[in-house]
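Thank you all for coming; I would like to take a few minutes to walk through one structure, beginning with its ligands and then turning to the chains.

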Amino acid sequence: MKQTLVVIGNGMVGQHFLAGLAASPAKASYDMITFCEEPRAAYDRVHLSEFFAGKTAEDLSLVEDGFFATHGITIHLGDKVATIDREHKIVTSAKGVTVRYDKLVLATGSYPFVPPVPGHDRPQCLVYRTIEDLEAMQAAAKTGKVGAVVGGGLLGLEAAKALRDLGLETHIVEFAPRLMAVQIDEAGGAMLRRKIEALGVTVHTGRNTSLITDGERCVNKMCFADGEELETDVVLFSAGIRPRDDIARACGLEVGQRGGIVIDNQCKTSDPDIYAIGECALWNSMIFGLVAPGYAMARTVVADLAGETASFTGADMSTKLKLMGVDVASIGDAHAKTPGAMVYTYQNGASEVYKRLVVSADKKQLLGAVLVGEASGYGTLLQYCLNGIELPENPDALILPHRSDESVGLGPDALPASAQICSCYDVNKGAVCSAIEAGCTTINALKTETKAGTGCGGCVPLLKAVLNSELAKHGYEVNTDLCEHFPYTRQDLFNLIRVEEIKTFAELLEKHGKGRGCEVCKPTVGSILASQWNDYILSKEHLGLQDTNDTFLANMQKDGTYSVVPRITGGEISPDMLIALGQVGKKYQLYTKITGGQRVDLFGARVEQLPHIWKELIDAGFESGHAYGKSLRTVKSCVGSSWCRYGVDDSVGLAITLENRYKGLRSPHKIKFAVSGCTRECAEAQSKDIGVIATENGWNLYVCGNGGMKPRHADLFATGLDKETLIRYIDRLLSFYVRTADRLQRTSVWMENMEGGLDYLKAVVIDDKLGLCGQLEEQMQHVIDTYQCEWKTTLADEEKLKRFRHFINSDQADDAVVFVEERGQIRPANDEERKHFNRVEVA
Amino acid sequence: MAWINVCGVDDLQADSGVCALVAGQQVALFYMPKDGAVFAVHNYDPCGKANVLSRGLIGDIAGQPVVASPLYKQHFNLETGVCLEDETVCIPVYPVRIDGGNVQINMGEAL
Ligand SMILES: Cc1cc2nc3c(=O)[nH]c(=O)nc-3n(C[C@H](O)[C@H](O)[C@H](O)COP(=O)(O)OP(=O)(O)OC[C@H]3O[C@@H](n4cnc5c(N)ncnc54)[C@H](O)[C@@H]3O)c2cc1C
Ligand code: SF4
Ligand code: SF4
């Protein structure tokens, strides 16, 4: 007979427990039933803020498709358990469902604490925990201008970032005298404050809110105990969490004095048939407000149910976060509370870095650390701390900026196999190494196989280091060379060309390469030279570098003929121009088709016809569409406010401005833009490298999206921009892409591989973290100033036109090009038809 | 077995290719002035099935001079005609020389 196991709460920990049990042999002994108060099954709260960057509820889901059905688990969605009858072992839900249980697991999580200030329940006073909360914030931000977060802890800072990204003037109001009082010390807190204020967020510390009431300029007014006031539309409470122990309390389970369901080392409550796990549980008088300890509790219960001995013995509360582009990390005993602890501090006012180490009295063990502004050492320090690895003789070397000839830090080799790499999924180095052994040679393969790095993501750099070191040991060379001719990455070459002002491939090969080059390095260098100096790509020294498409300024098709795509900026074209285009197509009997980028593609042009076709197009007022280049393709637009009933701004006008600005920009891969006139998004801007959407507050900029083979939803980069700022950001971002991306790397992959990802990119482009913005803008301005229509230049040059013949010594055409007719137009004949059908003579 | 004058050296494109019609055959001619080298192979790409090789990029792979097909990027050794990706595929290669200002090919001796 199977027993019935009921799980109350399908949040992060409840779901981790179900998935763990479903994969354990104990599964066979239980019928599983779960109650989920929220309208959807478990989702990733840790990455909740990404909802604002365009992730949907489905993207955030933690439940694999068909999970409940596959494992025969009953889930009651949108229904909460109201009472537990321990005597009869029955739970009853709010909707009236009753279930008899043999074992019960409470995974009810916690709720945001809202201080009982008068007025706390006024309109637009919100919290930050569920997807519904985020939707409420979005709605409030639409009408409001100012937002204030109550609470300057971890979550408060994250909430403040969300408000700022929603375009609100943002304030943080903290009761304590410093930010993140729980995790970091005073000096670290002060540094963090300066950094956050530099990002335009106002920080109020030592402020006690005594009343929230009607505002004059905003919806609300916060009044502080010291008599000060703050007008704000949105008030977002993030003043800590409280365990949801109400139903446990009501059925007489033991709870802590300040809340929390008391559990022992097996996560059992005072009733041996009832477990509690996650944020609702109180272990050793502690509530754990992080997901990793909750997961550890879930694993303990799975093991206990399977009859294995397991115990939860506390958890590491170290954290590393990127808050508004500022790295913050806290490890172990950050406040040096251990008796005899010694402290090392490093502070660099100029670069705004603060680091602090707490070590044992004998200087052998690392007890804790605080890092603000620069946290790349987190992984190493955490490993010292968790694995009790003996510290080097001068522990301060670990936080002092090191000279390049010194090697500090703990190579992945120094870690024992038992060292935990991923704390969210409890994956140790041994497991990572076996997965690598079994053939996982990329980070993504490792993630899929071991789950390491798929939780909070904090361990990914360390995971990468282990991977690289293991691969190297197995004799794989981690080779990032562009090709056999250049022992450099594309980015290295870009810098060499820029710094040494190299103007030709021959010069670069001479100085930094070997051999004659190949079809990998030649176009790459051709593209770098073009984006750097923007010379005519068919000039003598560059000609041999270009792919055939660039050489003939057209796109080669399968039969060796070309297609021709004139630029139609923003997809706007007058009837006369359309007729002119039609006439050219008709005269040369070209196959015509509308492209996905809102222009017209003319197929079937033979190489010797290209100059004639282009002469007519240019005379009619067209210019090259650069469809052949790795360069800006199109700026797609919807019709926008000029015609559309819903339009908020002139999307066509902006699209034309942008297309004219960036046309001709050579880049590591093609670049596509789109502009939508309102959030209905008819131009599908969020699937483009650069997407712009008009809103009431200005333009919203989305970046690094992609359609095609590997679709990627673009990330929201900045909101409410005016046109000048928008263009400035795009200038910088594209220049940075051109400088740093690998060959044939679209912006989507570029960003995904970038250490620090979106936040880093924002820091570079918006906050000028690298101090590069001036250069990046100049680089773009040069390209814009030196734009030329490559077809116009080519038609004016007799020498160049000589190339546009099939034979150098004859005017004959290639007789292997054969067309047949289909749906009233030409297409290349297939092998069978070549034998039977008559050739259509082309003018 | 005679050498045929095909075109002038000036008609070649440095570090790139052109196509010539020689005795009814399409011949791709590649010129690497730095090495003083000219290569002649048939213009037909047996993988992409089109007359396009003269429009491919040239260079070297592990020391062998090659052209990469502009269609699907297979490499052909310019001295032997052998396809680097599939050694069973081979394109015709012709003896070629520069005589004064002229480029000459010997069509009788396709290798
Ligand atoms: C914005 C944000 C950012 C965060 N960032 C991090 C981070 O970077 N790192 C980190 O480690 N942690 C982070 N956390 C904390 C982390 O999300 C929590 O530790 C984790 O979600 C706890 O899981 P849980 O299952 O205990 O609770 P929850 O995920 O809250 O799940 C509890 C579920 O139970 C339901 N429930 C409650 N009572 C009942 C009932 N009677 N019947 C039925 N269902 C019920 C609730 O509705 C809820 O769905 C963050 C949290 C938030 C909100
Ligand atoms: S995105 Fe908005 S403005 Fe543009 S066509 Fe659609 S509804 Fe109209
Ligand atoms: S989807 Fe495939 S078939 Fe269609 S144009 Fe692109 S590459 Fe060609």
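Let me start with ligand 1, and please keep in mind throughout that this is a predicted model. There are 28 residues around ligand 1, and those that come nearest are Val13(A), Glu37(A), Glu38(A), Arg129(A) and Glu279(A). Looking at the backbone, a N or O atom of Val13(A) lies 2.8 Å from an oxygen atom of ligand 1, while for Met12(A) the distance from a backbone N or O atom to an oxygen atom of the ligand is 3.2 Å, and for Ala107(A) the corresponding value is 3.5 Å. Taken alone, ligand 1 exposes 990 Å², and the protein buries 93% of that area.

Which elements give two or more residues to this shell? They are helix H1, residues 12-22, and helix H5, residues 154-165, both of chain A, and H1(A) provides the largest share, namely three residues. By class, the shell around ligand 1 divides into 13 nonpolar, seven polar and eight charged residues.

Where does ligand 1 sit with respect to the domains of chain A? Because domain 1, which covers 3-111 and 243-305, and domain 2, which covers 125-239, both give residues to the shell, ligand 1 lies between them.

Ligand 2 has its own surroundings in chain A, including the cysteines Cys638(A), Cys644(A), Cys678(A) and Cys682(A), together with residues such as Tyr646(A), Arg680(A) and Glu681(A). The shell around ligand 2 comprises five nonpolar, three polar and two charged residues.

Let me finish with the contact between the chains, which takes 34 residues from chain A and 35 residues from chain B. The area buried between chain A and chain B is about 2800 Å², with carbon and sulfur atoms giving 51% of it. On the side of chain A, the residues that lose the most area to chain B are Arg516(A), Glu519(A) and Ile808(A), which together account for 25% of what that side buries.

Terms used. Residues are numbered from 1 along each chain as its sequence is written. Chains are lettered from A and ligands numbered from 1 in the order in which they are written. This is a predicted model: local features need pLDDT of at least 70, side-chain atom pairs count only at pLDDT 80 or more; totals for chains, interfaces and linings use all residues. Side-chain values use heavy atoms; hydrogens and water are left out. A residue is near a molecule or strand if one of its heavy atoms lies within 4 Å of it. A polar contact is a pair of N or O atoms within 3.5 Å; within protein, one must be able to donate a hydrogen and the other to accept it, and residues adjacent in sequence count only if both atoms are side-chain atoms. Accessible areas come from the Shrake-Rupley method with a 1.4 Å probe; for residues, only the protein chains shown count as cover. Helices (H or I, at least four residues) and strands (E, at least two) are DSSP runs, numbered from the N terminus. Ala, Val, Leu, Ile, Met, Phe, Trp, Tyr, Cys and Pro count as nonpolar, Asp, Glu, Lys and Arg as charged, and the others, Gly among them, as polar. Domain bounds come from an automatic or database domain assignment. Contact means heavy atoms within 4.5 Å. Buried area is the accessible area (1.4 Å probe) that two parts lose on being put together, summed over both.
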